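This report walks through one protein structure, from a single residue to its domains and hollow spaces. Please keep the structure in view while reading.

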Amino acid sequence: MIDYLEIEGYKSIKELKIELKPINILIGSNGAGKSNFISFFKLLRAIFNQRLQHFVLEEGKADNLLYFGRKRTEYLFGKAIFTEGRDNNAYFFTLVPNKQGGLFLGEEGAGYNVSRDKYGNYFTRSNIEESAVARENYPRNQYLRDYLKQLQIFHFHDTSSSSSLRRDCDVEDNLYLKHDGANLPAYLYYMKMKHPIVYKRIEYTVRSVAPFFDHFILEPSRLGDGRIELRWNETDDVDSNFSASQFSDGTIRFIALATLLLQPNPPKVIIIDEPELGLHPFAITKLAGMIQAASSRTQLIISTQSVNLVDQFDPGDIIAVDRSREEKQSIFMRLDEGNLTEWLNEHTMGELWQRNIIGAGQPFKQ
């Protein structure tokens, strides 16, 4: 689990030091900085996939990544400490702008049983375009690679008729569920064949929010082209055979979320941006239950605008994000349950959020 994260000079985040838990629910207004926090993990993945330069070009070079640009910020710093049992492993990096407006790794380090000091007992590399930790086969580097490549950011927002969620796919594309659900039929078919109990649980969960749904019809194409599509049978109509295009937007998103959260071997860290999009309030309650259950097997970082979703979690699970006008930066604060006890006797967490009781400078844990 990532139990400590440190960021300096990234987009709207001037400086952040925060402890993470198994469940981390980010709430805040539009523009507060939730998306920038999630984007930091995209940067981390890009570094470990040897795609830092590609990521920088996609983002529009250094000025779009550094806090108020190169004139204000000299470097971007990030550090993550992972704890397993009694030991920890850590990775840090410093990105420095070049004359062309790009970024390179001024320094990066891999560490074992380190403190939270900015620097410590690390094996470091300097002045490189792409990560050395991601390519060198020292045991520490291998561990970090294996861990960080399992850090996945999921978004199932695109449910248009031509979206990845509704198309067929290669039946053998089932190693893991892709970030946009592009291989959802193949992955569900794999679950059906190798994890039938979990597969039935997914069907049952989908049925609980979509009463018209009876079961999936998942078989490789009879044409022998190696493709598979997501088809389903309607309740009380044994001869029905519908395609994924006939699921509502909310239903197809919920199927993808249920598959992601109920799978037996999830990624080490699951990050989801606004999973509640298009879901009925009852489905949001089910979603919260799946998140809580999954937290025993994976770490979850969820960004949300849903009052209903926030209502399902304890204050200690929630990180409130605000944009400080005075400091001109995003502020991330975990809620302090002790300071909210009296409020929660009469109000839900969602009501406190709506009333701005859990706003900047209010009952947070430093």
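## A residue in a loop

Ser-12 sits in the loop between β1 (2–10) and β2 (13–19). The model is predicted. Is Ser-12 buried or exposed? Ser-12 has a relative accessible area of 6%, and buried means under 20%, so Ser-12 counts as buried. Leaving aside residues up to four places away in sequence, Ser-12 touches Ala-32, Gly-33, Asn-36, Tyr-67, Arg-323, Gln-329 and Ser-330. Gly-250 is 238 residues from Ser-12 in sequence, and the two C-alpha atoms are 32 Å apart in space.

## Two domains and the pocket between them

The domain assignment divides the protein chain into domain 1 (2–162 + 267–355) and domain 2 (167–246). Their C-alpha centres lie 31 Å apart. Across the boundary, 10 residues of domain 1 are in contact with 10 residues of domain 2.

The largest pocket has a volume of about 780 Å³. Its lining is made up of 30 residues, and the closest to the centre of the pocket are Arg-45, Asn-49, Lys-149, Gln-152 and His-179. Where does the largest pocket lie with respect to domain 1 and domain 2? Both domains give residues to the lining, so the pocket lies between them.

Several elements supply at least two residues each to this lining: α1 (34–48), α2 (52–59), β8 (151–154) and α5 (184–194). The most comes from α2, with 4 residues.

## The largest cavity

The count of cavities of 30 Å³ or more comes to 1. The largest cavity has a volume of about 50 Å³. Its lining consists of His-155, Phe-156, His-157, Arg-253, Leu-257, Ile-272, Asp-273, Glu-274 and Pro-275. At least two of the lining residues come from α7 (249–262), and at least two from β14 (269–273).

The table gives the lining of each space by residue class.

| Space | Nonpolar | Polar | Charged |
|---|---|---|---|
| Largest pocket | 14 residues | 9 residues | 7 residues |
| Largest cavity | 4 residues | 2 residues | 3 residues |

## Two residues with positive phi

Most residues other than glycine have a negative phi. Glu-274, which helps to line the largest cavity, has a positive phi, near 50 degrees. Glu-274 is placed in the loop between β14 and α8 (281–294). With a relative accessible area of 23%, Glu-274 is partly exposed.

Lys-61 also has a positive phi, near 75 degrees. The loop between α2 and α3 (62–65) holds Lys-61. How exposed is Lys-61? Lys-61 has a relative accessible area of 36%, so Lys-61 is classed as partly exposed.

## A sheet of three strands

Strands of a sheet pair through backbone hydrogen bonds, either parallel or antiparallel. Here, 3 strands form an open sheet in the order β10-β12-β13, with antiparallel pairing. Which strands are at the edges of this sheet? The edge strands are β10 (213–217) and β13 (242–243), and each of them pairs on one side only.

Strand β12 (residues 231–234) is joined to β13 by 2 bridges. The bridge partner of Trp-232 is Phe-242, in β13.

Terms used. Residues are numbered from 1 along each chain as its sequence is written. This is a predicted model: local features need pLDDT of at least 70, side-chain atom pairs count only at pLDDT 80 or more; totals for chains, interfaces and linings use all residues. Side-chain values use heavy atoms; hydrogens and water are left out. On a 1 Å grid over the protein atoms alone, a cavity is a set of points where a 1.4 Å probe fits but cannot get out, and a pocket is an open set with protein on both sides within 12 Å along at least five of seven lines; lining residues have an atom within 4 Å of a point. Grid points are joined across faces, edges and corners, and a volume is the space filled by probe spheres set on the points. Ala, Val, Leu, Ile, Met, Phe, Trp, Tyr, Cys and Pro count as nonpolar, Asp, Glu, Lys and Arg as charged, and the others, Gly among them, as polar. Two strands pair if DSSP finds at least two bridges between them. Domain bounds come from an automatic or database domain assignment. Buried means under 20% relative accessible area, exposed over 50%, partly exposed in between (1.4 Å probe, protein chains only). Contact means heavy atoms within 4.5 Å.
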